[in-house]
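Let's take a relaxed walk through this fold, piece by piece. Have the picture open as you read.

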Amino acid sequence: MPNLPADRNSALTAHEPQFKALFPAEPEAIPRVRGKLRARLEEDDLGSIADDVVLICTELMANAILHGCIGFPPGITIKLTVEWSDAQLRVDVRDPSVVRPQEQEFSASRTSGRGLILVDALSDRWGVEADPVGSGKTVWTELDRTRRRAS
């Protein structure tokens, strides 16, 4: 179940995200985007949380490709944005589907379906926002930078 904040942009200002990527809805695109994101985080001295952020983004990008682009024509794209302040880091992954992701119950025998469990464990808050005109959704997550990270 998502942890919804009272004000989802509470610690972020209205500025351009520090990282943006528009990529094809193909699994092969994920490593390239992930590498660029890691480099950008390390460039801004966020190496201490880079593993968590990159894992979260990888899971959300994979979910968007595998579940959020089903039935759409080839060439569809997914948008990833990451922005941060001294207090918080926010990730947004937008795909064209209006279908909300469903967190699966944990199963030690299943090899898939753990993405949102990982996102929930690594995030301070996460949720889903429908596009106001019904043309997709954004799955978002926030990490409080003041909280000590295990990675």
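Which residue in strand 2 is the bridge partner of lysine 20? That would be threonine 81. Keep in mind that this is a predicted model.

That pair belongs to a bigger pattern: strand 1 and strand 2 are joined in the antiparallel sense, over six bridges. In general, the strands of a sheet are held in pairs by backbone hydrogen bonds, in either a parallel or an antiparallel way.

Now zoom out to the sheet. It's an open one, built from five strands in the order 1-2-3-5-4, with antiparallel pairing. At the edges sit strand 1 and strand 4, each of which pairs on one side only. On average, neighbouring strands of this sheet are turned by 15° against each other, if you ignore direction.

Next come two helices that meet these strands:

| Helix | Strands | Angle |
|---|---|---|
| Helix 1 (residues 29–43) | lies across strand 1, strand 2 and strand 3 (88–95) | about 175° to strand 1 |
| Helix 2 | touches strand 1, strand 2, strand 3 and strand 5 (137–144) | about 15° with the direction of strand 3 |

Helix 2 covers residues 47–66, and glutamate 59 is part of it. So what's up with this glutamate 59, buried or exposed? Glutamate 59 is buried, yet it has no salt bridge. The nearest side chain of opposite charge belongs to arginine 34, and that's 8.1 Å away, whereas a salt bridge needs the charged atoms within 4 Å. Leaving aside residues up to four places away in sequence, glutamate 59 touches Gly115, Leu118 and Val119.

Definitions and conventions. Residues are numbered from 1 along each chain as its sequence is written. This is a predicted model: local features need pLDDT of at least 70, side-chain atom pairs count only at pLDDT 80 or more; totals for chains, interfaces and linings use all residues. Side-chain values use heavy atoms; hydrogens and water are left out. Helices (H or I, at least four residues) and strands (E, at least two) are DSSP runs, numbered from the N terminus. Buried means under 20% relative accessible area, exposed over 50%, partly exposed in between (1.4 Å probe, protein chains only). Lys and Arg count as positive and Asp and Glu as negative; His and the chain ends are not counted. Contact means heavy atoms within 4.5 Å. Two strands pair if DSSP finds at least two bridges between them. Axes are lines fitted to C-alpha atoms, for helices over the stretch in contact, and angles run from 0 to 180 degrees between N-to-C directions.
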